[in-house]
Amino acid sequence: MNAGVVADRQGEPDRDLAVRVLAGDEPAFRQLYQRHTPRLFQLALRLVGGDTADAEDVVQDTWIKATEKLDTFRWESAFGTWLGAIGINVARETQRRHGRRREVEWSDAAEPPAAAPLERLEPVDLERAIAALPDGYRTVLVLHDIEGYTHEEIGAQLGVAAGTTKSQLFWARRAVRALLAPEAKGRLT
Amino acid sequence: MNDPNELSPAERRALEALPRERAPRAELEDRVVAALQRRGLLPIPLSRADGARRRLTPWLVGAVAASLALFVGGFAAGQYVGSRSGAAAVLSGVQASRGDVAEVAAHAERAGAMYVAALTALSRLSDTADAPTRATARQAAITAFGAAASEVAHLAPDDPLAAAVLRGLDERAQGQRPASSTRSVVWF
């Protein structure tokens with residue numbers, strides 16, 4: 001299916017808007033921006049660990065890179081997917097630039113609960129636990145468990161083997177469970 | 001169920017319940033558009049009505065600052081001095097306005113008109129002047145233009161038009177740098 005000819009829920013297909021953007025049409029860009037930025041911003045916000053200013057920078061740099069490369073996009077995937085892939089790379093650059101290490105205290109030796117009692121879990125607690133993860137763990141968990149990427153897709157996106165992302169996901173889930181354990185939740189701020 | 005490699009149904013539900021979209025601050029859209037314009041990826045609108053409204057006050061206040069500097073100090077090495085009385089009037093008017101935006105805006109409009117009139121007169125004089133005089137006149141006009149753009153950029157850092165003007169002037173200055181020792185500098 002050619003994603004570029006599928007009319008978006010808001011009307012004019014992405015591909016038509018992109019053609020207009022390439023011709024310098026600012027209203028077309030704004031339409032494209034308004035259509036795709038909420039998803040991009042939420043993704044960026046999670047990948048950078050909840051820092052709004054960083055997420056806004058990621059959104060801005062992503063749109064700049066996307067607009068620069070727009071004439072080379074082959075429309076073999078949905079525009080939003082392509083934009084998200086650029087956003088992931090930009091977010092990783094931001095992580096590297098800041099040298100952020102959100103190390104949290106949990107012991108790999110200790111056995112965290114295999115599954116935390118999440119039935120009564122508030123989304124804000126889950127978000128905080130994800131934000132508290134080290135960058136690598138958080139990236140894999142967000143892409144796999146929230147965004148629905150496969151390990152192969154994550155591996156290709158991040159330039160690592162699928163086995164590596166599986167391992168990171170294992171440790172990421174383990175860390176989230178440890179952070180959500182009743183005795184650990186006080187550390188989530 | 002207890003396989004630590006797998007999510008429990010409750011965990012899966014909790015993750016699926018997290019929002020996939022969140023709207024950023026509305027200001028980010030204009031910031032992104034301005035960033036694209038600065039990089040030449042979108043054109044800079046010169047006459048869009050809503051943009052002009054949004055930039056009205058910074059433009060006018062910037063024009064006041066630049067125009068006052070222009071007229072009070074005189075320019076073009078004395079080639080044009082007819083506006084000094086007008087400059088004094090603008091200066092006293094702005095001082096009397098005590099920061100009232102509407103009054104400052106009105107003075108800015110008058111100063112802007114005087115600025116254009118001065119450049120017109122300068123242009124006429126230049127038609128009959130020798131090459132060094134024309135160069136001095138051109139430098140005076142461009143310096144005033146740059147001063148105005150600089151004030152606008154100071155008051156509205158995201159203004160794409162001011163950024164484009166300053167970028168162009170900067171590129172022009174860099175292109176002229178080898179000859180800078182002979183360039184006439186008009187200070188005001």
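In this predicted model, helix α3 of chain A covers residues 52-69, and because each of its 18 residues should advance the helix by 1.5 Å, a span of 26 Å is expected, which agrees with the 26 Å found between the C-alpha atoms at its ends. Much can be said about the surroundings of α3(A), since its buried residues are Asp54(A), Ala55(A), Glu56(A), Val58(A), Val59(A), Gln60(A), Asp61(A), Thr62(A), Trp63(A), Ala66(A) and Thr67(A). These buried residues pack against α1 (14-22), α2 (26-47) and α4 (79-98) of chain A, and together with these against α2 of chain B. An α-helix has 3.6 residues a turn, so residues three or four places apart point the same way.

Chain A as a whole contains eight helices and zero strands, and its elements, read from the N terminus, follow the order α-α-α-α-α-α-α-α. Of the 189 residues in chain A, 39% are buried. When the contacts in chain A between residues at least 6 apart in sequence are considered, 67% of them join residues that are at least 24 apart.

The largest nonpolar core has 49 residues, among which Ala44(A), Leu133(A), Leu141(A) and Val176(A) touch the most other members. Helix α2(A) gives the most to this core, with nine residues, and at least three residues are drawn from each of domain 1 (3-98) and domain 2 (118-187) of chain A. In soluble globular proteins, nonpolar side chains tend to be buried together. For Val176(A), once the neighbours within four places in sequence are left aside, the contacts are with Ala129(A), Ile130(A), Leu133(A) and Leu141(A).

Ile130(A) also serves as a reference point for Arg177(A), as the two residues are 47 apart in sequence while their C-alpha atoms are 10.0 Å apart in space. Arg177(A) is found in helix α8 of chain A, residues 162-180, and Arg177(A) counts as buried because 22 C-beta neighbours lie inside 10 Å, where the cut-off is 20 or more. Gly163(A) is likewise found in helix α8 of chain A, but Gly163(A) counts as exposed because 10 C-beta neighbours lie inside 10 Å, where the limit is 12 or fewer. The C-alpha atom of Gly163(A) is separated by 7.8 Å from that of His151(A), a residue twelve places away along the chain.

A further local feature concerns Trp75(A), which lies in the loop between α3 and α4 of chain A. Most residues other than glycine have a negative phi, whereas the phi of Trp75(A) is positive, near 60°. With 15 other C-beta atoms within 10 Å, Trp75(A) is partly exposed.

Chain B, like the chain described above, was examined for its secondary structure, which comes to eight helices and zero strands in the pattern α-α-α-α-α-α-α-α along the sequence. Buried residues make up 26% of the 188 residues in chain B, and residues 24 or more positions apart account for 63% of its contacts with a separation of 6 or more.

Between the two chains, 29 residues of chain B are in contact with 30 residues of chain A. On the side of chain B that touches chain A, the elements giving two or more residues are α1 (9-16) and α2 (27-38) of chain B, and α2(B) gives the most, with seven residues. By class, this side of chain B has 19 nonpolar, three polar and seven charged residues. For the complex, the predictor gives an ipTM of 0.86 and a pTM of 0.60.

The confidence of the prediction was also examined along each chain. Chain A averages a pLDDT of 86, with 79% of the residues scoring at least 70, although pLDDT stays under 50 over residues 1-8 of chain A, where the model has 16 contacts beyond four places in sequence, and also over residues 103-110 of chain A, where the model has ten such contacts. Chain B averages a pLDDT of 66, and 33% of the residues score at least 70. Within chain B, the mean confidence is highest in α2(B), at 96, and lowest in helix α3 of chain B (residues 49-54), at 44. Residues 48-57 of chain B stay under 50 in pLDDT and have five contacts beyond four places in sequence in the model, while residues 75-85 of chain B, also below 50, have 27 contacts beyond near neighbours in sequence. Where pLDDT is low, the predicted coordinates should not be read in detail.

Conventions. Residues are numbered from 1 along each chain as its sequence is written. Chains are lettered from A and ligands numbered from 1 in the order in which they are written. This is a predicted model: local features need pLDDT of at least 70, side-chain atom pairs count only at pLDDT 80 or more; totals for chains, interfaces and linings use all residues. Two residues are in contact if their C-beta atoms, placed from the backbone, lie within 7 Å. Helices (H or I, at least four residues) and strands (E, at least two) are DSSP runs, numbered from the N terminus. Ala, Val, Leu, Ile, Met, Phe, Trp, Tyr, Cys and Pro count as nonpolar, Asp, Glu, Lys and Arg as charged, and the others, Gly among them, as polar. The expected span of a helix is 1.5 Å times one less than its number of residues. pLDDT is the predictor's confidence in each residue, from 0 to 100. A nonpolar core is a set of buried Ala, Val, Leu, Ile, Met, Phe, Trp, Tyr and Cys residues joined through C-beta atoms within 7 Å. Domain bounds come from an automatic or database domain assignment.
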